[in-house]
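Trainee: Please take one part of this model and go through it slowly. I would like to know what lies in its interior and what surrounds the residues there.

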Amino acid sequence: LYERWNALLNRLKGPFLRSRHASAREADAPFCACTPRERRVVCVFWDRFEIKSVRACEHRPLPIALVELGLFPSGPSKPGYAFCTELLDFFMALTYHAADSAQALAAALHTYHVQRGYVMRGRTGQPVQEGYRRAMQQAFHWYRVLHHKIDADVDEIILTATPGQDNAFGAPTAPPHPTGHSRAAPRTTTTTFPLHELAFPTCEDGNESVSDDDPEMEQRDQVEPPDRYLIERCPACFASLEPGRPFSAGSDVHIAGDGNFGHRRLRNAGECPSVRFNFRAVVPTTFVNAVGAVLDAQRRGKPRQYQSRVDVNILVQCEESHTAGNGANEKTPGDIYDDRGLMALVCRHDIPLYLCNIDTPGEQQKYWIALLIWFMLHLPDNCTITSWYDINCVSWRVLMAYDVMPEWMLHRLEQLTSVLHSYAHQWECQLVFGPRMRVGAALTDGEGTERFWSRLRYLIGVLRHVSRGRRLMLLEMHTEYIAKTVRGELGRWLRRRYISLRDRRNAALQEVLITADTAATLRREMQAVMDLQDQIDEHVLQEAAEALYASLQVGDGFPALAEFGYDFVKTLIQAYDAKRIARAKATARFFEYERLDQAVGGAGAPLGAFLHQRTLRGMKKRTPALVRAVARYNALCDALRAKLPEGLDFPLPEKLPIHLAELRNDPALLEDVWIEGVQGRSAPWLVDASVRRGIRAVHTIDRCNEEEVRLAREEDALYGWLKTKLAAVYAAL
């Protein structure tokens, strides 16, 4: 059956396009010399059904005759039903904004027709109870496949008609490689990764690393353009790409990724024959498994030596604070589901680029690494990438310790953590991987996948009960629709971004003006903070604080604090512990709210009314404990100010807000209480809260300036792509 449908669809393209014009729908179309045959077909419209006699012959089969009449058949050879294409078009548009259920549409049509007096009866005269269920499911499924094929043909025609371009919009034609190898040839690397066994586009040269000191970064003019699929997906990112931009200048591309365990499939849903379908967004499972096999083999050996940006113990704490950090954590029962979730990669404009299937108990590192490798193989050799991921600090550690990614990729990849998940990372980790403190990160938040899951949430219930092949087809079609929809809104996205940029920069400038320091002074203080942070051993301070709190031997524990007196030091240690307790309770509360938000947005499993209310009641019971913890810490802050000896300076901690929304956005929550002595004159950033706010404001101003440059570049790329696209459409017509 599938083979007959696949063969029929190519023959239906021409008649279908002709049928879009009302004048072409002629019941008495001319026939060839052979004798036509008539067949009775139930033709279903939105308000009625009719039993028509449709003429067909050997050279004009019945499905083609029906399509020419504006009807789509329910079968590839002798269909008994045919559905109005306008009805199918409306339902197809509806499925992108609601659940995809042909069964629901069939039942609704059957009920509506009966109410209007159109009762379908069988051969014995009894009313048919099932209605159009099976016929509707078949017709609608293959009607969508036909639309997908026609859209792909139209895109190909426009690409072919692009003036002066043979490969992509706005991208220069790549010169032949000096070695004679094409982009389809596998790259030669020293990694143990089996690149030669997989089919994907690669290149031969380009193993040099990328850094701000690389003199060739800005000089390589003859480079291959990005894959034209990426250019069509997001022209603002890829249409006018000039690869080689250093990370300090914002890199070339910003992407983000995340996993989702709501889009899973039941084991008993069954399988279907293979369908001839052009999967462009779905990464093959064989490729992902190959990456996982290499990673598992590497982990059985000894990790290689590397210089860690953050203490390994800090990264372990970050890994333990995220459920995604433990790949063995079973999020979905394997005895019920075989496909357990999805991993997505999006650009900074929230346009989905690639998807891969998750078939393991947890969100293992192989999925994120596989998406990164697959993505980079479709870009120029010297293209630099900045990626956002919830636990990118852990991913960076894996990539550095194990030879799983080729060196020519690893040196062109920068890894940062998502903005809204920063509260779950240690402070030392945020200084290195936090996007708001990294030069070149602009205002990209890395949460585009969460917005993508929200747009894809309508498929959660449908994907549970479909075959594996149809599941991937639905994901591909819906992903393509979402990408085209977001791409059409890029102009408005840029406008909103400019407005937000202006407001945030003005607010930050006002914060700097409030302080009595210039921007240069604040930057010097900011650099002093970063330099000092590198010299602090968190574990030594924590162990010393606990010992001091137990014995309160100020002179032996912290000699530099002896001059502040016993009462002040005692209160200081109590404030240190109180803030850590309050931060732990607040972080747990943030995770609870995040689970609720993910259930609503589609990133997590739906809770249902009972579990939702039960979760809210549990959170309400724990609210007084959080409020008391914050209030206790604030009281200790007031006590410290009262007990500070006159004539002495000390970096006193800032109080925390009681309201949860304000607490989540307060950067002071992530800072520990200072329990070390101050040598000589106190630095302004230690003793003056306004200086610390000014430093954060300078960070914001720097990110806003970077964002403005990137927005201007994206605006030019989008405008150039639109001009080229318009010229191509005129040429194709």
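Mentor: A disulfide is a pair of cysteine sulfur atoms within 2.5 Å. By that cut-off, this predicted model holds zero disulfides. Take Cys347 as an example: its closest cysteine sulfur belongs to Cys234 and is 3.7 Å away, which is too far for a bond. Cys347 is buried, at 1% relative accessibility. Cys383 is buried as well, with a relative accessible area of 2%.

Now to the interior itself. The largest nonpolar core has 92 residues, and those touching the most other members are Phe238, Leu353, Tyr354, Ile369, Phe375 and Met405. The element that gives the most to this core is helix α10, residues 365–376, with ten residues. There is also a second, separate core of 46 residues, with Trp5, Leu8, Leu62 and Leu71 among them.

Phe375 lies in helix α10. Its relative accessibility is 0%, so Phe375 counts as buried because the cut-off is under 20%. Setting aside neighbours within four places in sequence, Phe375 is in contact with Leu230, Phe238, Val253, Ile255, Leu345, Leu353, Tyr354 and Ile385. From Phe375 to Val283 there are 92 residues in sequence, but 9.7 Å in space, C-alpha to C-alpha.

Phe238 can be read in the same manner. With neighbours within four places in sequence left aside, its contacts are Pro226, Leu230, Ile231, Val253, Leu353, Phe375 and Leu379. Leu230, Val253 and Leu353 are thus in contact with Phe238 and also with Phe375.

A charged residue comes next. Asp252 sits in the loop between α7 (235–238) and β5 (253–260). Asp252 is buried, with a relative accessible area of 4%. A polar atom of the Asp252 side chain lies 2.9 Å from the backbone nitrogen of Gly244, and the side chains of Asp252 and Arg245 are joined by a polar contact of 3.2 Å. Beyond four places in sequence, the residues that Asp252 touches include Leu241, Asn382, Thr384, Arg710 and the buried cysteine Cys383.

Last, the confidence. The mean pLDDT of the chain is 77, and 75% of its residues reach 70 or more. Over residues 533–542 the pLDDT stays under 50, and the model has 18 contacts beyond four places in sequence for them. Residues 600–605 are also below 50, with 23 contacts in the model beyond near neighbours in sequence. Where pLDDT is low, the predicted coordinates should not be read in detail.

Technical notes. Residues numbered from 1 in each chain as written. Predicted model: local features only at pLDDT ≥ 70, side-chain atom pairs only at ≥ 80, totals over all residues. Heavy atoms only, no water. pLDDT = per-residue confidence, 0-100. Contact = heavy atoms within 4.5 Å. Buried < 20%, exposed > 50% of the residue type's maximum accessible area, 1.4 Å probe, protein only. Core = buried A, V, L, I, M, F, W, Y, C linked by side-chain atoms within 4.5 Å. Helix = DSSP H or I, 4+ residues; strand = E, 2+ residues; numbered from the N terminus. Polar contact = N/O pair within 3.5 Å; in protein donor to acceptor, adjacent residues only side chain to side chain.
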